[in-house]
Amino acid sequence: MEVIIRPHAEAGCVLGAKIIARVVRENPTAVLGLATGRTPQRLYQELVRLHRDEGLDFSRVTAFNLDEYVGLAADHPQSFRYFMQENLFRHLNIDPARTYIPDGTAANLHAECRAYEEKIIAAGGIDLQLLGLGRNGHIGFNEPTGSLRSRTWLKILSEQTLRDNSDVFGSVAAMPKHALTMGIGTILDARRCVLLAFGPPKARAVEQMIEGPLSAMCPASALQLHPRAIVIVDEAAAAGLHYADHYRWIDSHKLPWQRYD
Ligand code: GLP
């Protein structure tokens with residue numbers, strides 16, 4: 001795991017956008033895995049700026065999102081499809097037909113999950129998967145104790161996740177209790193992973209994810225198995241790390257071609 005500590009979320013998001021922009025520049029037909037939540041919003045703004053001001057071209061890019069609430073249609077303001085349209089897709093020149101998100105309204109959710117896996121394979125696999133981090137260590141909607149080899153599936157959301165995400169719904173009662181999500185196995189198949197986590201509420205999950213143990217109790221710890229996983233955190237989210245000075249040392253001694261900024 002490559003751990004990069006930045007002073008604040010702003011710098012972390014700009015760095016994350018640079019990494020994605022480099023992937024897209026090197027491979028204009030790149031397949032990106034994308035995430036929702038508060039964490040990547042600033043990164044998406046930066047991608048929009050790079051598109052607008054520097055001509056970053058998404059016309060041949062394909063995107064697969066991690067997850068979607070069960071029962072929310074694409075035009076529901078709290079659906080992840082709606083979030084992606086508003087925060088990213090409609091500001092880029094990406095082909096809408098190449099933006100995939102699991103359909104939480106599918107009549108057969110099991111078939112929808114299988115079809116999603118097949119679409120990822122048909123696209124050639126994911127080149128870079130962007131991830132946020134739940135306070136309980138979840139990635140996508142893979143809650144603690146879920147299989148570390150799971151494929152896209154239906155998950156029952158934990159009470160903590162419901163509470164954490166309830167503000168935009170007004171209350172936990174108003175929220176869907178189920179979601180479709182890429183599995184941990186699906187995420188680990190991405191050729192590269194970039195996880196962002198900012199702020200004090202994420203410090204405990206960040207420490208468990210990076211410094212272990214590898215455990216289904218912290219699903220994000222599965223990234224320890226990934227050969228190219230980058231974790232970008234701010235100082236607040238890094239507060240619980242025992243080896244923060246080691247990560248800073250490594251970061252400050254990278255060779256020029258190992259740097260992203
Ligand atoms: C949600 C999403 C995750 C996201 C996480 C953290 O439950 N399914 O993909 O990473 O919560 O969200 P936030 O970035 O808002 O803290």
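Is Lys 254 buried or exposed, and what is its relative accessible area? In this predicted model, Lys 254 is buried because its relative accessible area is 12%, which falls under the 20% cut-off.

To see the surroundings of this residue, select Lys 254 and display its side chain; the residue belongs to the segment that follows α8 (244-252). Adding Asp 251 to the selection brings up a polar contact of 2.8 Å between the side chains of Lys 254 and Asp 251. Next, show Glu 2, Ile 4 and Arg 259, which Lys 254 touches when residues up to four places away in sequence are left out of the count.

Glu 2 then leads to the second largest pocket, since selecting Glu 2 together with Arg 228, Ile 230, Gln 258 and Tyr 260 picks out those of its 14 lining residues that lie nearest its centre. The space in the second largest pocket comes to about 310 Å³, and its lining divides into seven nonpolar, two polar and five charged residues.

For the last stop, move to the largest pocket, which holds about 800 Å³ of space. Select Thr 36, Gly 37, Arg 38, Thr 39 and Asn 165, which, among the 35 residues of its lining, lie nearest the centre. Colouring by element of secondary structure is helpful here: α1 (9-26), α2 (41-54), β4 (67-69), α3 (80-87) and α5 (159-165) each supply at least two lining residues, and α3 gives the largest share, with four. Colouring instead by residue class separates the lining of the largest pocket into 16 nonpolar, 12 polar and seven charged residues.

How values were computed: Residues are numbered from 1 along each chain as its sequence is written. This is a predicted model: local features need pLDDT of at least 70, side-chain atom pairs count only at pLDDT 80 or more; totals for chains, interfaces and linings use all residues. Side-chain values use heavy atoms; hydrogens and water are left out. Buried means under 20% relative accessible area, exposed over 50%, partly exposed in between (1.4 Å probe, protein chains only). A polar contact is a pair of N or O atoms within 3.5 Å; within protein, one must be able to donate a hydrogen and the other to accept it, and residues adjacent in sequence count only if both atoms are side-chain atoms. Contact means heavy atoms within 4.5 Å. On a 1 Å grid over the protein atoms alone, a cavity is a set of points where a 1.4 Å probe fits but cannot get out, and a pocket is an open set with protein on both sides within 12 Å along at least five of seven lines; lining residues have an atom within 4 Å of a point. Grid points are joined across faces, edges and corners, and a volume is the space filled by probe spheres set on the points. Ala, Val, Leu, Ile, Met, Phe, Trp, Tyr, Cys and Pro count as nonpolar, Asp, Glu, Lys and Arg as charged, and the others, Gly among them, as polar.
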